[in-house]
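Dear colleague,

Please find below the structure that I am handing over to you. A written account of what was found in it follows directly after.

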Amino acid sequence: PQTQPWLCPQQLAWGLAPHQKITPGLAEKLCFTATATTSYAQAAAVAAQWGVVVDDSVIHQQVQRAGERAEQQAQARSRATPPPPKTAVPPGALVIMMDGWMVRERGGDWGLQPAAEAGERVAWHECKSAVIYRLEQAAKTAGERGLLVEKFVVAYVGDPLEFGRRVQAEARRRGLGQVTRVYVVADGGAWIWNIVADRFAEAIGVLDFYHASQHLWELTHSLHPTNAAAAQAWGGSPVTPVTAWGGSRGLRTLQALPSWCAERGQVPPPLVAKTINYFEPHREHLHYAARAAEGCPVGSGAMESLGAQFQGRFKRSGQFWTAQGRRLLMALDVARRNQDWAAVWQRN
């Protein structure tokens with residue numbers, strides 16, 4: 001009566017917000033279903049099968065609340081000094097892969113009418129993502145297909161500096177600083193290697209084998225546009241040149257191409273300079289035979305797989321996200337993948 005608050009002690013004991021009609025336990029189940037399915041409508045359909053008839057808008061509401069907590073925790077981890085691991089990290093190697101993929105959001109003119117009027121209805125943004133795992137967690141199925149027993153991920157739309165901070169923080173949680181070796185495997189994206197120089201300067205870099213092979217394969221056919229046999233003789237198969245050249249030897253071969261063309265009275269195609277510029281910063285990232293002998297992957301297949309998984313949830317036909325809606329669901333999705341789910345629902 002003195003302070004005029006109206007409250008229900010049992011509601012506080014259950015951790016319910018004012019006017020909340022869903023218990024934390026049910027909210028957790030609905031949010032988990034939303035991250036594990038491909039849409040809110042599908043999450044509602046699945047929930048109905050395990051006994052809860054709920055509108056997809058209610059699931060969306062719960063995701064926004066829990067996603068805010070997950071995002072706040074992710075931000076805190078990226079800026080805090082990580083505590084020592086609860087168990088000793090055995091010596092070994094840590095693998096970090098990074099790449100980006102495009103996510104579709106509602107532009108500033110979303111819903112602009114009439115349809116014929118020009119405007120930015122859709123905005124595309126790059127989601128920078130990373131996969132982090134211990135090398136000993138790499139395995140193979142009975143069919144010799146690659147498999148990661150345990151991996152951790154980062155996904156962020158925005159400033160590369162913040163993304164790099166989050167990748168480093170997650171890597172520290174997974175053994176960075178205790179392991180004897182760190183590998184970074186990625187394509188030639190300049191923003192990725194800027195992050196490597198800034199956050200992982202001591203890491204061993206590996207330029208993704210398949211991206212490198214593709215660049216060389218395209219180059220061989222630009223040198224011999226009408227002679228497939230000559231292109232084959234010069235470059236071999238699409239993947240042979242990269243493994244055969246490696247390091248500075250391959251770069252010297254590329255740098256000699258203008259002279260090679262001049263000797264044959266051929267004008268160097270524009271792709272020659274473009275390919276040289278692509279490989280020039282990566283002369284120390286092409287030692288594929290040596291990396292393979294150490295057990296390090298020379299291709300970023302795990303990263304490509306993660307990108308496909310994210311796109312299966314965030315880039316489906318008809319999905320046009322608001323920045324907040326995408327951000328909070330993605331924060332929950334990452335928490336689920338990184339074994340941080342319980343922390344999101346832990347009451348203080």
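Of the 348 residues in the chain, 43% are buried. Please bear in mind that the model is predicted. Its secondary structure comes to 16 helices and seven strands. Among the contacts in the chain with a separation of 6 or more, 69% are between residues 24 or more positions apart.

The sheet

Five strands form an open sheet with mixed pairing, in the order β5-β2-β1-β6-β7. Its edge strands, each of which pairs on one side only, are β5 (152-157) and β7 (204-207). From one strand to the next, the twist averages 25°. Helix α14 packs on this sheet and touches β1, β2 (122-134) and β5. The direction of α14 makes about 30° with that of β1.

As general background, the strands of a sheet pair through backbone hydrogen bonds, in either a parallel or an antiparallel sense. Both senses occur here, and strand β1 takes part in each of them. With β2, strand β1 pairs in the antiparallel sense over 13 bridges; within this pair, glycine 100 stands opposite lysine 128. With β6 (residues 181-186), strand β1 (residues 93-106) runs parallel, and six bridges join the two. Three positions illustrate how β1 and β6 are aligned:

- Leucine 94 stands opposite valine 182 in β6.
- Methionine 97 has valine 185 of β6 as its bridge partner.
- Methionine 98 stands opposite alanine 186 in β6.

Strand β6 also pairs with β7, again in the parallel sense, over four bridges. Alanine 186 stands opposite leucine 207 in β7, and methionine 98 stands opposite that alanine in the pairing with β1.

How covered are these strands? Because 11 of its 14 residues are buried, β1 is largely enclosed by the rest of the structure. Strand β6 is mostly covered, with five of its six residues buried.

The second largest pocket

The second largest pocket has a volume of about 510 Å³. It is lined by 20 residues, and those closest to its centre are Ala139, Gly146, Leu147, Leu148 and Ala302. Two or more lining residues come from each of β3 (138-140), β4 (146-148) and α14 (301-314). Helix α14 gives the largest share, four residues. The helix that packs on the sheet is therefore also a part of this lining, because α14 is among the elements named for it. By type, the lining residues divide into 10 nonpolar, six polar and four charged.

Valine 344

Towards the end of the chain, one residue may serve as a point of entry: valine 344, found in helix α16 (residues 341-345). Is valine 344 buried or exposed? Valine 344 is buried, because its relative accessible area is 2%, and a residue counts as buried when this value is under 20%. Which residues does valine 344 touch, leaving aside those up to four places away in sequence? They are Ala66, Arg69, Ala70, Gln73, Leu332 and Ala335. One of these, alanine 70, lies 274 residues from valine 344 along the chain, yet the C-alpha atoms of the two are separated by 5.6 Å.

With kind regards

Note on methods: Residues are numbered from 1 along each chain as its sequence is written. This is a predicted model: local features need pLDDT of at least 70, side-chain atom pairs count only at pLDDT 80 or more; totals for chains, interfaces and linings use all residues. Side-chain values use heavy atoms; hydrogens and water are left out. On a 1 Å grid over the protein atoms alone, a cavity is a set of points where a 1.4 Å probe fits but cannot get out, and a pocket is an open set with protein on both sides within 12 Å along at least five of seven lines; lining residues have an atom within 4 Å of a point. Grid points are joined across faces, edges and corners, and a volume is the space filled by probe spheres set on the points. Ala, Val, Leu, Ile, Met, Phe, Trp, Tyr, Cys and Pro count as nonpolar, Asp, Glu, Lys and Arg as charged, and the others, Gly among them, as polar. Two strands pair if DSSP finds at least two bridges between them. Axes are lines fitted to C-alpha atoms, for helices over the stretch in contact, and angles run from 0 to 180 degrees between N-to-C directions. Contact means heavy atoms within 4.5 Å. Buried means under 20% relative accessible area, exposed over 50%, partly exposed in between (1.4 Å probe, protein chains only).
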